[in-house]
Amino acid sequence: MKAIYPYSLDTVREREYGLPRFEVWQAISSTNDRARELAVEGSPRGSLVLGWEQTEGRGRHGSLWFSAAGDGVWMSLVLGANDVTTHLPILVGISCAEVIEEMAGVIVSIKWPNDLIINGRKVGGVLVEMGDGWVVAGIGINVRRSPSESLQAFDDRALPATSIAEHSDRISENPDFAGHFAQRILERLDARKGRDGVVDSFSTRDILRDRQVHTDELGIGIARGIDECGMLLLELEDGAIVKVRSGSVRAITSSEEEE
Ligand code: BTN
């Protein structure tokens, strides 16, 4: 039987960040699952679920997402059907990168589509999920500590992990980071300029640009930024540009090139 944990409603932060609902769980299986439940029950767009700990946090491509108690922001935001575009996952990543930079004063890059990177290490990621009548943006950011060694043990090609605290001493409370992330995502989605600016904002943060990469979908090529739909542009050996829709992508290191 699944454990049932209590949650509270943070009405002060609901008002502060202009959100219709701000749920805070001591522990929860996955905030994405709870946000989906809320969306299906009719909870309005902008409803936010924050967990101090997740017992079954998940990442992209079916990976586990380490979500130890208090170490980071594990949150999910209910969105609406009108928010769904092919570049939604990128818009969410850009919004979080901007907020981390403003709140913690560190430069945040992005590895397509939405791995958030500080100094070549992964500080967070985004998992957008949707189904019949629901859309949820899940965000995981290592604020105080990162699970670096254990992640590395799973996949020696995974990016090493980091936390905001390794690079900054301007560390806000988790619910405040979460409120700001939610607010920025909704603002960007509501502003036409916010949507139009996705390609430009992405290109200033793109750590793969002009690097040789391996893509699951289309093999090896040179990353040449994204198109207006958020797809990765990949230049093949014969100069043709093809579009990568999904799957994992990683930069090829110089030692691999020599192999
Ligand atoms: C990635 O693989 O980079 C995406 C990680 C997304 C993790 C977040 S934590 C909050 C939300 N709930 C989950 O189970 N996953 C997302």
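Strand 9 and strand 13 pair in the antiparallel sense over three bridges; two strands count as paired if DSSP finds at least two bridges between them. Helices (H or I, at least four residues) and strands (E, at least two) are DSSP runs, numbered from the N terminus. Within this pairing, Thr 215 has Val 249 of strand 13 as its bridge partner. Please keep in mind that this is a predicted model, where local features need pLDDT of at least 70, side-chain atom pairs count only at pLDDT 80 or more, and totals for chains, interfaces and linings use all residues. Residues are numbered from 1 along each chain as its sequence is written, and side-chain values use heavy atoms, with hydrogens and water left out.

**The five-stranded sheet**

Strand 9 also has a partner in strand 10: four bridges join the two, and they run antiparallel. Three residues lie between strand 9 and strand 10, and the two strands form a hairpin. If you look along the pair, Gln 212 stands opposite Ile 222 in strand 10. The side chains of strand 9 (residues 212-215) alternate: Val 213 and Thr 215 point to one face and are buried, while Gln 212 and His 214 point to the other and are not. Here buried means under 20% relative accessible area, exposed means over 50%, and partly exposed is in between (1.4 Å probe, protein chains only).

Strand 10 in turn pairs with strand 11 over three bridges, again in the antiparallel sense, and Ala 223 faces Leu 234 in strand 11. Together, five strands make an open sheet in the order 12-11-10-9-13, with antiparallel pairing. Strand 12 (241-244) and strand 13 (249-251) are at the edges, each with a single partner strand, so one side of each is left without a neighbour in the sheet. On average, neighbouring strands of this sheet are turned by 45° against each other, direction ignored. Axes are lines fitted to C-alpha atoms, for helices over the stretch in contact, and angles run from 0 to 180 degrees between N-to-C directions.

**The eight-stranded sheet**

Another open sheet has eight strands in the order 1-2-3-4-8-7-6-5, with mixed pairing. Its edges are strand 1 (7-9) and strand 5 (109-111); each has a single partner strand, so one side of each lacks a neighbour in the sheet. Neighbouring strands here are turned by 20° against each other on average, direction ignored. Strand 4 (residues 72-79) and strand 8 (residues 134-142) run antiparallel and are joined by eight bridges, with Leu 79 opposite Val 135 in strand 8. Helix 5 packs on the sheet, touching strand 2 (22-25), strand 3, strand 4 and strand 8, and its direction makes about 35° with that of strand 4. Contact means heavy atoms within 4.5 Å.

**Two domains and their contact**

The protein chain is divided into domain 1 (7-203) and domain 2 (212-258), with bounds that come from an automatic or database domain assignment. Their C-alpha centres lie 25 Å apart. Ten residues from domain 1 and 15 residues from domain 2 take part in the contact. The area buried between the domains is about 1000 Å², of which carbon and sulfur atoms give 64%. Buried area is the accessible area (1.4 Å probe) that two parts lose on being put together, summed over both. The count of salt bridges between domain 1 and domain 2 is zero.

**Salt bridges**

A salt bridge is a side-chain nitrogen of Lys or Arg within 4 Å of a carboxyl oxygen of Asp or Glu. The whole structure holds 21 salt bridges, and three of them are set out here.

| Pair | Closest N to O |
|---|---|
| Asp 33 and Arg 36 | 4.0 Å |
| Arg 45 and Asp 190 | 3.0 Å |
| Glu 235 and Arg 224 | 2.6 Å |

Asp 33 and Arg 36 both lie in helix 2 (residues 31-41), three residues apart, about one turn of the helix. Arg 36 is partly exposed, at 33% relative accessibility.

The salt bridge between Arg 45 and Asp 190 links distant parts of the chain: Arg 45 is in the loop between helix 2 and strand 3 (48-51), and Asp 190 is in helix 5 (residues 174-190), 145 residues apart. Arg 45 is partly exposed at 34%, whereas Asp 190 is exposed at 55%.
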